[in-house]
Amino acid sequence: FDQGASDDMGDDAQASPETVTVAATQYDTVLDWPTFDRWLARLQAAELVAFDTETDSLDAMQARIVGLSFSDQVGEACYIPLRHEVVDAPVQLPLDEVLARLKPWLEDASRPKLGQHIKYDTHVLANHGIAIRGYAHDTMLESYVLEAHRKHNLGDLAQRHVHRSGLSYEDVAGKGAQQIPFAQVAVDKAAQYSCEDSDLTLHVHQTLWPRLQAEPALRDIYERFELPTSRVLQRIERNGVLIDKALLQQQSHELGQRIVALEHEAHALAGQPFNLGSPKQIGEILFNQLKLPIVKKTATGAPSTNEEVLEKLAEDYPLPARILEYRGMAKLKSTYTDKLPLMINPATGRVHTNYAQAVAVTGRLSSNEPNLQNIPVRTAEGRRIREAFIAPPGHVIVSADYSQIELRIMAHISQDENLLRAFDQGLDVHRATASEIFGVSPDEVSSEQRRYAKVINFGLIYGMSAFGLASNLGIERSAAAAYIDRYFMRYPGVKRYMDETRAQAKAQGYVETVFGRRLWLPEINSPNGPSRAGAERAAINAPMQGTAADLIKLSMVAVQDALDAQGKATLMIMQVHDELVFQVPEAERDWVKTEVPRIMASVADLRVPLLAEVGEGLNWEAAH
DNA sequence: AGGATCACGCACG
DNA sequence: CACGTACGTGATCAAG
């Protein structure tokens with residue numbers, strides 16, 4: 001979306017009469033103890049302090065402090081350089097002693113602190129043995145709750161909300177291959193950069209926090225969902241997950257052999273060598289050399305070689321099947337079996353993902369470096385990778401996941417009597433849907449009819465069109481439209497929900513989750529037909545996906561609280577949208593398997609029962 | 001030459 | 001061209 005200056009019309013800083021103008025900033029570089037003592041006294045007296053760490057790595061688990069900055073008043077800040085190693089760097093205060101003297105304040109929960117993306121700084125301090133407490137606010141999360149669809153990095157927030165800009169990281173450290181470690185940045189430049197970050201964080205907070213306070217539902221999402229989730233995520237990330245490196249390496253070896261064999265077969269079938277990893281070269285071979293029919297084209301007009309196309313061609317020709325098999329093997333090897341062993345942290349022997357809390361516009365988390373939310377599960381071949389997510393000796397892996405969470409939420413929101421009844425009675429919901437659509441008793445539903453109903457139920461969650469359903473089921477659009485009509489006749493509450501949600505989105509530009517999280521749809525009134533239609537589908541989906549995200553955030557916080565209250569040694573180690581995964585000492589297995597699903601089912605009282613299912617095993621695959 | 005970005009494909013819920 | 005993500009490889013762009 002537009003990041004330009006013209007994009008910030010009507011935001012609070014322009015509209016507000018009490019916009020602060022920062023004429024001049026007063027930034028200190030702390031190089032001696034008297035100056036340090038003066039600032040420490042200020043921090044101890046301040047009602048709220050913005051705080052930022054400068055480090056030598058973006059990897060939060062490995063980063064070491066290079067310097068610290070604090071701001072207790074807009075326009076004023078200090079920077080404490082600690083490990084700058086540039087040639088003519090000044091003599092700096094000793095890191096260990098500075099941290100030792102700051103530690104009581106940092107760990108004092110009654111001294112409120114503020115940051116931009118505090119999960120990162122929490123890790124950094126933990127790397128130095130400091131357990132920060134009293135993190136009262138996070139500007140990134142404030143922004144995310146107010147405007148999930150926009151950007152949340154500090155530079156953009158400062159520009160948008162207080163019309164200020166500071167040095168960018170690239171300004172001080174360079175970019176690309178020329179980039180230098182922060183420790184090699186000149187101290188005065190680093191001081192300017194870091195002081196600005198703390199100062200701007202405080203300034204942005206002073207505009208965003210009043211806006212949250214003025215919207216009780218959003219303030220609740222921020223205080224009761226996002227802030228506590230941030231703390232739980234930091235612990236999950238730090239716990240990490242144990243990976244069987246040797247098993248993955250063995251799988252890589254086997255996959256490598258199968259890939260080579262498939263390459264030979266494919267080249268023989270093509271009559272020439274080509275790169276099976278290149279859709280362009282595959283297209284050249286299939287459609288120009290071998291004259292296979294073009295099934296469909298990509299967005300840029302090139303003949304598509306995607307899975308659906310190759311499956312179709314594989315009905316009549318041998319080569320597409322080899323390419324499909326190659327792609328499956330190559331995906332597993334390059335993305336998972338080769339990559340995961342490289343991601344093991346040498347200090348902990350475990351893999352520590354990063355959960356992004358302010359990326360997904362629906363309120364979901366995302367996971368990166370590595371992404372642990374897309375580990376294969378749908379094929380037997382892929383599931384072998386889950387066997388490498390293991391419990392250490394004396395422990396088991398326990399997985400607990402919400403059953404049919406989004407359909408349950410659809411029943412709750414729509415209040416459709418028929419759907420509510422199905423969940424109340426504990427029915428197989430796809431079978432119940434098939435029974436309604438096809439007009440047969442539940443016992444008479446064929447597996448084919450149930451499969452259709454399942455696709456329709458998924459489609460409803462995605463805001464389906466007759467076109468989308470038709471292409472998914474491989475039927476005529478008119479037939480798909482007839483199924484949708486039948487569905488809405490049997491579930492009129494769902495129909496009403498869809499219509500009302502679309503209308504609400506158009507009228508106010510956003511929709512809401514059950515808990516009041518606001519999901520903005522900038523394209524909902526676009527003159528561009530396809531993008532408007534896309535926004536309408538997103539509007540249907542967002543309350544369900546977003547409410548599910550809200551529920552599991554509540555669960556994560558409640559389960560962690562229970563573990564802490566009971567003094568359990570069980571570790572929460574992963575979240576996969578509707579699933580929580582734990583590393584559990586054998587002695588705690590029964591407690592976890594009973595209590596975790598109970599907590600997950602009771603975090604909210606909806607018009608449908610919530611159900612969480614639990615499994616255990618020596619690895620993640622076995623725990624399902 | 002090679003870093004940055006796009007295109008495509010595909011893993012998950 | 002169903003909603004939401006992350007990321008791998010190959011192809012292309014275009015600065016100096």
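Okay, one term before we start: a polar contact here is a pair of N or O atoms within 3.5 Å. And keep in mind that what's on the screen is a predicted model.

With that cut-off, let's go to DNA strand B. Asp578 makes a polar contact there: one of its polar side-chain atoms sits 3.0 Å from a sugar or linking oxygen of the strand. Tyr336 also reaches a sugar or linking oxygen with a polar side-chain atom, in this case at 3.4 Å. Arg378 does it through the backbone, with a polar backbone atom 2.7 Å from a phosphate oxygen of DNA strand B.

So what does the wider picture look like? Among the protein-facing atoms of DNA strand B, meaning those within 4 Å of the protein, 77% are sugar or phosphate atoms, and the rest belong to bases. On the protein side we've got 22 residues around the strand, and Thr298, Thr300, Thr305, Val377 and Arg378 come nearest. By type, that surface splits into 10 polar, 6 nonpolar and 6 charged residues. Which element gives the most to it? That's helix 13, residues 319-337, with 3 residues.

Now, a quick stop at a sheet. It's an open one with 3 strands, in the order 7-9-8, and the pairing is antiparallel. Strand 7, at 241-242, and strand 8, at 344-345, are the edges; each has a single partner strand, so one side of each has no neighbour in the sheet. If you zoom in on strands 8 and 9, you'll find 2 bridges joining them, with strand 9 covering residues 350-351. Asn345 is opposite Arg350 of strand 9.

Definitions and conventions
Residues numbered from 1 in each chain as written. Chains lettered and ligands numbered in written order. Predicted model: local features only at pLDDT ≥ 70, side-chain atom pairs only at ≥ 80, totals over all residues. Heavy atoms only, no water. Near = heavy atom within 4 Å. Polar contact = N/O pair within 3.5 Å; in protein donor to acceptor, adjacent residues only side chain to side chain. Helix = DSSP H or I, 4+ residues; strand = E, 2+ residues; numbered from the N terminus. Nonpolar A, V, L, I, M, F, W, Y, C, P; charged D, E, K, R; others polar. Pairing = 2+ DSSP bridges.
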